[in-house]
Amino acid sequence: MEQQPQPFATPQPAAALQPVATQQQQLVEQPAPVQEPTRPFRIAAVGDIHVRETDKGKWVEFFRLASEQADVLLLCGDLTDHGYAVEAEVLCEEMKACAIPIICVLGNHDHDKNEHQAIRKALISDRVHFLDGDSLVIGNVGFAGVKGYGGGFDQYMLSMFGEAENKAFVQTAVDEALKLESALSRLDAEHPGVQKIAIMHYAPIRATVEGEPDAIHPFLGCSRLAEPLNRQNVVACFHGHAHVGTLEGETSEGVKVYNVAKPILQKAGLALPFFIFEVQ
């Protein structure tokens, strides 16, 4: 069979090639995502709350307010007024109003009746932590704590000399400083780069006990406690104990130290019943 001729189709001009965007151009043309500002980590701190057996219901609002204002609450010793475990049981009930982690150290009042272990046992829980040469990390912040001890400050610091009783007094402060050093070192080893906060009851510097009679300074704290703060690049330290001291000071290396004893905060006229410190 004879093949029929096919109709002739006029060739169409080829469409111009479109340049393909490079990966770099595509990235440039896409709008950059909006970065939310990082919210600072907020620490609420107070010491010397001296809870009594008759304080039922007194502290509920305090713990509720701390939960609204901060990410963690520090209690810097003298949790109880007379050192009785029954006072800690009252405090335990009050703490149920707190929705954030609580980090505590014991104070001299908590030791007065030799019931400090029972006080600790009454309060400790999944949310309430005690530090005594220990460390804890919450968020991007590491906490190390000890009770601390007396011994005096700077050139008036007691030395390891004389009677056994005097040496024992000095040795207690040395032991507390060593425990703090160890806890801070563990934070570096186990959580490199974490920002470090120290918590204690006794003062590590003289500046935050100024206002108290000079004669009792050796019983309010000890410069040995400041040495680990300087060596370990601590961001800030919180303590209590000196009710007539000064709110703020710093170590010889510029580490911020805050005396957050409740009477000090009341004297300073703070809007909140605790001190707020922000860690970026």
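Which residues form one aromatic cluster with Trp59? The other members are Phe62, Phe63 and Phe274. The cluster belongs to a predicted model, in which the protein chain averages a pLDDT of 91. A score of at least 70 is reached by 87% of the residues. Residues 1-28 fall below 50 in pLDDT. Beyond near neighbours in sequence, this stretch has two contacts in the model. Where pLDDT is low, the predicted coordinates should not be read in detail.

The description turns next to the sheet. Six strands form an open sheet in the order β5-β6-β7-β8-β10-β9. The pairing is mixed. Strands β5 (134-138) and β9 (248-250) are the edges, and each pairs on one side only. On average, neighbouring strands are turned by 25° against each other, direction ignored. Helix α6, spanning residues 164-190, packs on this sheet. Helix α6 touches β5, β6 (141-145) and β7. The direction of α6 makes about 35° with that of β5.

Strand β8 comprises residues 236-239, and in the strand order β8 stands between β7 and β10. Strand β7 (residues 195-199) runs parallel to β8, and three bridges join the two. Within this pairing, alanine 198 has cysteine 237 of β8 as its bridge partner. The connection from β7 to β8 passes through helix α7, residues 226-231. This β-α-β crossover is right-handed. Strand β10 (residues 256-259) also pairs with β8 in the parallel sense, over four bridges. Here histidine 239 stands opposite asparagine 259 of β10.

Both faces of β8 are covered. Ala236 and Phe238 are buried on one side. Cys237 and His239 are buried on the other. Cysteine 237 and histidine 239 thus combine burial with the bridge partner alanine 198 in the case of cysteine 237 and a place opposite asparagine 259 in the case of histidine 239.

At the β9 edge the pairing sense is antiparallel: β9 and β10 are joined over three bridges. Glutamate 250 stands opposite lysine 256 of β10 in this pairing.

Aromatic pairs were then examined. A pair of aromatic rings is described by the distance of the centres and the angle of the planes. The count comes to eleven aromatic pairs. One of them is formed by tyrosine 149 and tyrosine 202. The centres of these rings lie 5.8 Å apart, with 50° between the planes, and the pair is tilted. Tyrosine 149 lies in the loop between β6 and α6, and tyrosine 202 in the loop between β7 and α7, so the pair ties together parts 53 residues apart in sequence. Tyrosine 149 counts as partly exposed, because its relative accessibility is 22% and the limit for buried is under 20%. Tyrosine 202, at 7%, counts as buried.

Phenylalanine 238 and phenylalanine 275 form another tilted pair. The distance is 6.4 Å centre to centre, and the planes make an angle of 55°. Phenylalanine 238 belongs to strand β8, whereas phenylalanine 275 belongs to strand β11 (residues 275-279). The pair links distant parts of the chain, 37 residues apart. Phenylalanine 238 has a relative accessible area of 0% and is therefore buried. Phenylalanine 275 also counts as buried, at 12% relative accessibility.

Definitions and conventions
Residues are numbered from 1 along each chain as its sequence is written. This is a predicted model: local features need pLDDT of at least 70, side-chain atom pairs count only at pLDDT 80 or more; totals for chains, interfaces and linings use all residues. Side-chain values use heavy atoms; hydrogens and water are left out. pLDDT is the predictor's confidence in each residue, from 0 to 100. Contact means heavy atoms within 4.5 Å. Buried means under 20% relative accessible area, exposed over 50%, partly exposed in between (1.4 Å probe, protein chains only). Two strands pair if DSSP finds at least two bridges between them. A crossover is right-handed if, with the strands pointing away from the viewer, the path from the first strand over the helix to the second runs clockwise. Axes are lines fitted to C-alpha atoms, for helices over the stretch in contact, and angles run from 0 to 180 degrees between N-to-C directions. Rings of Phe, Tyr and Trp (its six-membered ring) pair if their centres lie within 6.5 Å; planes under 30 degrees apart count as stacked, over 60 as edge-to-face and the rest as tilted.
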